[in-house]
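Good morning, everyone, and thank you for making time for this. I would like to walk you slowly through one structure, so please have a look at it before I begin.

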Amino acid sequence: MSLDPVQVMKGQDPMPSTCPATSNGDIKASREDNKDTHENVGSTTKPKPGPVRRARKVEGGIFFPKPENAVTIAVSSRVLFRTEKEQKVFEQKGIEEYLRYQVEHENEPFAPGPAFPFVKALEAVNGRLRELYPESEELFDIVLVTYNHAHVGIRLINTINYHNLFIERFCMTGGTSPIGYLKAWHTNLYLSADAEKVQEALAEGIAAATMFMPEKQIKVSETQLRVAFDGDAVLFSDESERIFKAHGLDKFFEHERENENTLLDHGPLKGFLEVLGQLQKKFYAKGHRLDCPIRTYLVTARSAASSGIRALKTLRAWGLEMDEALFLAGAPKGPMLEKIRPHIYFDDQMFHVEGAVEMGAIAAHVPYGIAQKYPHKKSSNTDK
Amino acid sequence: MSEIKATPSDKKDRTAEEKDWAAAKAHFENLKSKKPRPPKPKYAVTIAVSSRTLFDMTAERKIFEEEGMEKYVQHQQENEDEPLKPGAAFPFVKALMVVNERLRELYPDGEELFDIVLMTNNHAQVGVRLMNSINHYDLTIERFCMTGGQSPIGYLKAYMTNLYLSRDSKKVGEAIEEGIAAAIMFKPDVETPLSETQLRVAFDGDAVLFSDESEIIVKQHGLDTFFEHEKKYENKPLAQGPLKCFLEALGNLQKKFYAKNERLQCPIRTFLVTARSAASSGARVLKTLRSWGLEIDEALFLAGAPKGPLLQKIRPHIFFDDQMFHIEGAKEMGTIAAHVPYGIGQKYNKGKLIEVEKQK
């Protein structure tokens with residue numbers, strides 16, 4: 001089957017911007033433009049009367065960008081949707097029962113998972129990019145990479161259509177590791193619920209993070225993608241972290257001041273920030289700086305005067321712009337994040353990730369660097 | 001069998017004779033235990049390979065084309081003891097043998113094995129060199145069909161061939177028309193190391209496993225109509241394509257492993273690598289496979305992304321596709337690819353209609 005990658009589609013534009021009152025992830029608004037009847041052969045349960053998705057039509061844009069030109073985000077099924085019940089079936093009753101359960105519940109869509117708002121926001125950005133640059137392939141491309149077998153594929157496809165997502169590329173590996181395929185897709189970011197896979201991906205040089213489901217959901221923007229990063233061991237390498245852990249705060253400040261003009265080494269998510277920056281520049285070029293649909297935040301426990309300069313100089317040297325920078329000097333990140341409401345927040349320390357999740361922010365753990373060996377001591381000595 | 005009344009002198013001869021026979025039989029039994037007997041065609045999964053796919057015979061082919069038949073046969077006879085180099089189908093055949101070994105471990109008396117038949121246009125004189133080469137690599141190919149120039153199609157049917165691999169597009173086209181799964185093999189430009197314990201077979205979707213009905217819609221009416229059509233007929237299974245039965249045969253063998261609780265170490269793994277997009281048109285594909293009772297281990301929906309890099313990661317022993325464009329892409333990245341000349345994709349090259357040449 002050959003689909004010419006450069007296929008320009010003409011038609012109506014069903015993008016979320018035209019549909020006003022959709023709440024976060026739950027599409028209750030009905031899209032009754034095209035009354036396709038959904039026949040169900042041989043299934044006893046009637047499908048939920050959700051919006052029937054017709055074939056995706058995009059006004060004058062590239063449908064399927066080439067992987068090397070696009071910013072490829074690989075998500076696993078467990079972070080895109082909530083599959084706790086099915087996980088339990090798998091763990092308790094084994095694989096055959098799990099497959100049977102999935103096939104039985106095929107027409108029941110999953111509930112949105114932690115990465116769902118992020119993916120929705122990516123699509124919103126894509127919509128804007130297509131408006132401004134109809135011929136460009138520099139878009140976000142979302143690939144579903146999952147350990148699941150092809151049987152489960154139908155339920156995933158039904159769910160994706162139900163929520164009106166645009167995920168056309170799948171890798172269902174039926175049990176083997178999907179890490180090898182990530183490189184073939186030129187993956188810029190890999191999100192998973194499984195820490196092991198994320199570590200494998202990081203070892204291969206692919207930006208990756210483990211996502212966690214917040215207990216309460218705070219409402220996030222539907223028109224602007226907001227990504228928040230920690231500084232050390234996420235954007236930058238963990239060298240400073242090491243000094244702090246080994247020699248203490250004083251030594252750390254001295255070291256930072258002495259090496260103010262030496263660039264920090266890059267960390268696992270620097271590449272991803274870079275591609276976000278490139279897309280941002282495309283909006284700036286067309287005079288959309290004020291309503292750019294991508295916004296980046298630096299939320300670091302560093303203190304500004306004592307150690308912040310090095311961080312900012314490093315970013316400048318890399319040619320990266322950060323929209324907002326918050327230097328907390330040890331203050332808890334949770335309340336800040338609640339105000340920022342990022343679609344995703346990357347941090348290397350579980351302590352911060354847990355704090356964020358408690359306050360309802362969507363957080364992702366980057367298992368990199370020396371902080372992994374030090375479980376956090378709940379002391380007040382977190383000044384940096 | 002003549003009934004000779006035993007006379008004393010005869011008896012003496014007889015015992016000597018019997019001893020001879022007994023010794024011969026024991027020797028044969030001995031032989032039997034080392035190289036097991038090939039299975040009956042109707043139970044086995046028969047793979048017919050041509051000599052040019054099994055071995056690399058480019059040099060010999062050149063001699064045949066430039067200097068003629070006599071020179072070619074002479075050359076082959078002179079170099080009889082020199083084994084030929086492995087060809088495109090060689091790793092595939094080796095992997096089949098590994099699977100056979102595992103099957104024999106689990107089912108010692110089973111006849112449901114892979115059976116490899118050498119189907120070649122060569123004359124019988126060349127046979128010696130082929131046999132020497134086969135023995136050199138310790139392959140188990142006991143069945144030969146040296147057709148000396150005749151079409152092998154009749155023999156393929158007689159052997160109940162499940163898959164025919166050749167380098168000759170005409171023969172492959174004939175075989176497909178007769179309903180036999182067949183493909184033209186291509187040697188990759190770069191060598192990639194392949195698994196020695198697991199047979200990995202990758203299939204394209206449309207016009208390989210499924211019929212080319214959807215392909216026709218895309219080519220004639222465009223992507224829009226295709227997506228609508230697929231959504232509308234989501235629950236209607238696609239018609240089958242030329243390689244569906246081969247996938248079925250692989251699936252049957254896989255089930256034998258699952259039955260003995262070897263699902264995780266199954267030495268056969270199947271892959272679907274399709275340019276279809278998952279949400280818009282993937283459901284029909286998965287439902288069709290399910291309605292046929294076929295399981296595929298890994299499914300990759302590419303939505304138009306190039307297949308080369310992913311195939312490079314999969315490292316199949318063979319990849320079937322109907323479009324030369326994809327075959328060439330796979331070849332460049334070191335994947336062993338086989339072209340299935342079926343369906344409307346043959347008239348198009350990279351999405352453009354090829355000008356039909358006037359037939360002589």
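Let me begin with a term that we will need in a moment: a salt bridge, as the word is used here, is a side-chain nitrogen of Lys or Arg within 4 Å of a carboxyl oxygen of Asp or Glu. Please also keep in mind that what you see is a predicted model.

With that rule in hand, we can look across the interface of chain B and chain A, where 1 salt bridge is found. The partners are A:Glu106 and B:Arg290, and their closest N and O atoms lie 2.5 Å apart, which means that the pair falls inside the limit of 4 Å that the rule sets. Besides this, the interface of chain B and chain A has 14 residue pairs in polar contact.

Which parts of chain B supply at least two residues each to the side that touches chain A? They are helix H9 (213-221), helix H10 (223-232), strand S9 (268-274), helix H12 (278-291), strand S10 (298-301) and helix H13 (308-314). Of these, H12(B) gives the most, with 8 residues. If we sort the side of chain B that touches chain A by class, we count 21 nonpolar, 8 polar and 19 charged residues.

As for the extent of the contact, 48 residues take part from chain B and 43 residues from chain A. Together the two chains bury about 3,900 Å², and 58% of that area is on carbon and sulfur atoms. Three residues, B:Leu223, B:Ala279 and B:Arg290, supply 15% of the area that chain B buries against chain A, which is more than any other three residues do. You will recognise B:Arg290 from the salt bridge with A:Glu106.

Strands also meet across this boundary, since strand S7 (residues 169-172) of chain A is joined to S10(B) by 3 bridges, and the two run antiparallel. Within that pairing, A:Cys171 has B:Leu300 as its bridge partner in S10(B).

Let us now turn to chain A, which holds 13 helices and 14 strands. Of its 384 residues, 56% are buried, and among contacts between residues at least 6 apart in sequence, 78% join residues at least 24 apart.

For a single residue, take A:Ser76, in the loop between strand S3 (71-75) and helix H1 (77-80) of chain A. Is A:Ser76 buried or exposed? Its relative accessibility is 7%, and so A:Ser76 counts as buried, because the word applies under 20%. Leaving aside residues up to four places away in sequence, A:Ser76 touches A:Leu144, A:Val145, A:Leu191, A:Ser192 and A:Ala193. The C-alpha atom of A:Ser76 is also 9.9 Å from that of A:Met172, although 96 residues along the chain separate them.

Finally, consider strand S1 (residues 45-49) of chain B, where 5 of the 5 residues are buried, so the strand is largely enclosed by the rest of the structure. In a regular strand the side chains alternate between the two faces of the sheet. In S1(B), B:Val45, B:Ile47 and B:Val49 are buried on one side, while B:Thr46 and B:Ala48 are buried on the other, and both faces are thus covered.

S1(B) pairs in the parallel sense with strand S4 (residues 114-120) of chain B over 5 bridges, and there B:Val45 has B:Phe114 as its bridge partner. S1(B) also pairs in the parallel sense with strand S6 (residues 161-166) of chain B, over 4 bridges, with B:Ile47 standing opposite B:Leu163.

Conventions. Residues numbered from 1 in each chain as written. Chains lettered and ligands numbered in written order. Predicted model: local features only at pLDDT ≥ 70, side-chain atom pairs only at ≥ 80, totals over all residues. Heavy atoms only, no water. Contact = heavy atoms within 4.5 Å. Buried area = accessible area lost by both parts, 1.4 Å probe. Polar contact = N/O pair within 3.5 Å; in protein donor to acceptor, adjacent residues only side chain to side chain. Nonpolar A, V, L, I, M, F, W, Y, C, P; charged D, E, K, R; others polar. Pairing = 2+ DSSP bridges. Buried < 20%, exposed > 50% of the residue type's maximum accessible area, 1.4 Å probe, protein only.
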